[in-house]
Amino acid sequence: YVLVDLDRGVVLEARDAHTPGDPASMVKVLTALTAVERLRPGTPVPVSARAAAEPPMRIGMPAGEAWPREQMLDALLMVSANDAAWALAECAGGDVAGFAAQGNALMRRLGATDGRFGDPAGLSDRSAYDGGSRLSPWDLAVLGRNALAVPAIARPAGTVETRFTDVAGRPHRFVNHNSTLLRGYPGANGLKTGFTDNAGRTLVASARRDDRSML
């Protein structure tokens with residue numbers, strides 16, 4: 001783990017902070033950062049058959065549709081939709097291999113240099129791309145600090161509930177998987193939960209209170 005004062009960029013407490021591990025869906029913070037850098041607001045993001053077939057959690061985007069970038073990010077960050085993760089990756093990177101290369105380059109540029117990025121959804125089983133990802137607490141703190149500075153990411157990550165109508169006229173209601181923290185911890189404003197059998201339960205949490213921001 002690592003606890004960071006975001007305002008000063010100072011590590012206050014840490015244990016094995018530079019040891020990479022299985023991040024599960026916390027990797028979607030990097031997926032979001034990479035996609036936002038490559039895709040303009042409002043960009044239609046196509047859903048391929050491969051993306052639509054991603055294992056749960058998914059929201060059931062039919063293959064052949066194209067959802068706006070913002071709805072994809074809501075699905076990715078609020079309810080950890082794996083189909084949204086793959087659709088964003090394929091759209092931004094041309095394919096998932098290209099997107100993984102973009103994500104790894106972004107990590108190095110930001111200073112998250114302990115681990116490696118593979119599967120955009122955070123899977124690490126047989127269905128994962130390139131065996132999944134390995135990220136350290138330091139990597140995730142760097143990525144989280146940068147993500148909170150991007151309104152297109154910070155907004156859904158800090159939103160408890162949202163409703164919208166998709167391109168086919170279907171209504172959706174998303175309740176953030178991180179809603180327990182967002183509702184119950186004063187000042188909480190993000191960021192991302194994760195779970196797989198391999199990783200267990202994982203969390204990047206952020207809050208601002210009394211003019212101090214912590215992650």
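**Figure 1. The salt bridge between R155 and D74.** D74 is buried, at 7% relative accessibility; buried means under 20% relative accessible area, exposed over 50%, and partly exposed in between, with a 1.4 Å probe and protein chains only. The model shown is predicted: local features need pLDDT of at least 70, side-chain atom pairs count only at pLDDT 80 or more, and totals for chains, interfaces and linings use all residues. Residues are numbered from 1 along each chain as its sequence is written, and side-chain values use heavy atoms, with hydrogens and water left out. The side chains of D74 and R155 form a salt bridge, with N and O 2.7 Å apart; the term denotes a side-chain nitrogen of Lys or Arg within 4 Å of a carboxyl oxygen of Asp or Glu. Because R155 belongs to helix 7 and D74 to helix 3 (residues 69-78), the pair ties together parts that are 81 residues apart in sequence. Helices (H or I, at least four residues) and strands (E, at least two) are DSSP runs, numbered from the N terminus. R155 itself is partly exposed, with a relative accessible area of 38%.

**Figure 2. The salt bridge between R212 and D5.** The closest N and O atoms of R212 and D5 are 3.2 Å apart. R212 is in strand 9 (residues 212-214) and D5 in strand 1, so this salt bridge ties together parts that are 207 residues apart in sequence. D5 is buried, with a relative accessible area of 2%, whereas R212 is partly exposed at 40%.

**Figure 3. The salt bridge between E161 and R163.** The closest N and O atoms of this pair lie 3.2 Å apart. E161 is partly exposed, its relative accessible area being 31%, while R163 is exposed, with a value of 59%. Elsewhere, D5, R8 and R212 are joined into one network by salt bridges that share partners. The count of salt bridges comes to 12.

**Figure 4. Surroundings of L12 in strand 2.** Strand 2 comprises residues 10-14, and L12 within this strand is partly exposed, with a relative accessible area of 36%. Apart from neighbours within four places in sequence, L12 is in contact (heavy atoms within 4.5 Å) with L3, D5 and M214. L12 and M214 are 202 residues apart along the chain, and their C-alpha atoms are separated by 9.6 Å.

**Figure 5. Helix 5 and its buried residues.** The 15 residues of helix 5 should span 21 Å at 1.5 Å a residue, which agrees with the 21 Å between its end C-alpha atoms; the expected span is 1.5 Å times one less than the number of residues. Buried residues of helix 5 include V96, F99, L106 and M107. The buried residues of this helix pack against helix 1, helix 4 (82-93) and helix 6. At the N-terminal end, D95 caps helix 5, with a side-chain oxygen 3.3 Å from the backbone nitrogen of A97. G111 follows helix 5 and has a positive phi, near 100°.

**Figure 6. Helix 6 and its packing partners.** Helix 6 (residues 137-148) has 12 residues and an expected span of 16 Å, in agreement with the 16 Å between its end C-alpha atoms. Among its buried residues are P137, D139, V142 and A147. The packing partners of the buried residues include strand 1 (2-5), helix 1 (28-38), helix 5 (96-110) and strand 8 (200-209).

Notes:
Polar contact = N/O pair within 3.5 Å; in protein donor to acceptor, adjacent residues only side chain to side chain.
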